[in-house]
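Me: Hey, could you walk me through this structure? I'm new to this, so plain words please.
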Amino acid sequence: MPKAGILTFHRCINYGSYWQARCLAEGLASMGIEAVLLEHMSDRVNRAEWQCALQPLLPATTPKEDYPLYKAKIRKFFHAFASLPLSSPFPLENPAAMDDYSLIVVGSDEVWNLRHPWYGGYPLFYGEGVRCGRLVSYAATFGSLTSSQRLEGWAEKLRKFSYISVRDLHSERIIRETLGLEPELVLDPCLQFPQMMKASRDDGEAAAYIAVYGHSFPTWFQDAVRRWAGDRGYRLVSIGYRNDWADEQWIDAGPEDFATFISGAKAVVTNFFHGCVFSLVNEKPFACVLSDYRSNKIRDLTRLVRAEHHVLTEDTTPSHLDTILDNPLPVGISQRISSLRDTSNTYLSHALQ
């Protein structure tokens, strides 16, 4: 069986980062590829990651009573990390210390985002210094990095990749403009390999709660969602972060908890990319709002799967919110995802040979 290394951000205290890494590793295994997540280690990155996990709402400070909950959440992530298929550890700053691989897959996540607050600027994610026979990317993204920002000296590093795929239109445009190449547009691993999520699916009546995933929502969005949920007698339950406008807080949920929670929700409201992804995976009605850091990702995902009407603005009418949350997802969305899943599978079949 071929052996591959996956280079991504698999140790982030973030539900989406964890699940995209796990789904990609297990998805490749289902295709006959022995895959491990490359265990790059950095004390500097760890400190930044853990500090962010304890103070996720900066500049707002974390209430003292929430610290034990965020610490419990971090411990659950550590437990989940231990069960991932991991390579031998090596320093992030010294990729020459990694094992040899016939193939390395870079992605998913914001692996090429030079603006990432602690991973940005590491040439490892651009393929520099890795020990492998071939380099390919899967669902990589530049994240919030704009195409107008300087990429000279960075984009050229990507020419050593045998195959390049990205998960959003923004990253596709950057590759085309800087390298003159046409990358394949593929699905995030969670959408490509939804069967890898072990959460039980409730095929009966969904529970009477609405999943709130994200933080720092604009006031107008909070008010609109509270009105809608209140009119219908639904509880708003915030997972992973404190949102005081929700009825309940589940701050210390682990990655498995998250998957089960979204699967059982009546609907989802979010301003996170993977909040939208998990809504689509579970075919849940959802409403999302853009944030500065995640606007590229959410806008492009919803355009890609033809769910643009699920993105709300301050000008959105109450009746529009009622329509998208009261009704099942349109059939056209699942049909589009199915088509993209076929495209992604074809890409992987070629790139992994």
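Me: Let's start with charges: how far apart are the mean positions of the positive and negative charges of the chain?
Reply: They are 3 Å apart, taken over 36 positive and 41 negative charges. Lys and Arg count as positive, Asp and Glu as negative, while His and the chain ends are not counted. Each charge is placed at NZ of Lys, CZ of Arg, CG of Asp or CD of Glu.
Me: And where does the model come from?
Reply: This is a predicted model, where local features need pLDDT of at least 70, side-chain atom pairs need pLDDT 80 or more, and totals for chains, interfaces and linings use all residues. Residues are numbered from 1 along each chain as its sequence is written, and side-chain values use heavy atoms, leaving out hydrogens and water.
Me: OK, how many helices and strands are there in the chain?
Reply: The chain has 11 helices and 14 strands. These are DSSP runs numbered from the N terminus: helices are H or I with at least four residues, strands are E with at least two.
Me: What share of the residues is buried?
Reply: 56% of the 353 residues. Buried means under 20% relative accessible area, exposed over 50%, and partly exposed in between, using a 1.4 Å probe and protein chains only.
Me: Switching to Ser238: which strand is that in?
Reply: Ser238 sits in β10, residues 235–239.
Me: Is Ser238 buried or exposed?
Reply: Ser238 is buried, at a relative accessible area of 0%.
Me: What does Ser238 touch, leaving aside neighbours within four places in sequence?
Reply: Its contacts (heavy atoms within 4.5 Å) include Val212, Asn243 and Trp250. Also, a polar atom of the Ser238 side chain is 2.6 Å from the backbone oxygen of Tyr241.

Technical notes: A polar contact is a pair of N or O atoms within 3.5 Å; within protein, one must be able to donate a hydrogen and the other to accept it, and residues adjacent in sequence count only if both atoms are side-chain atoms.
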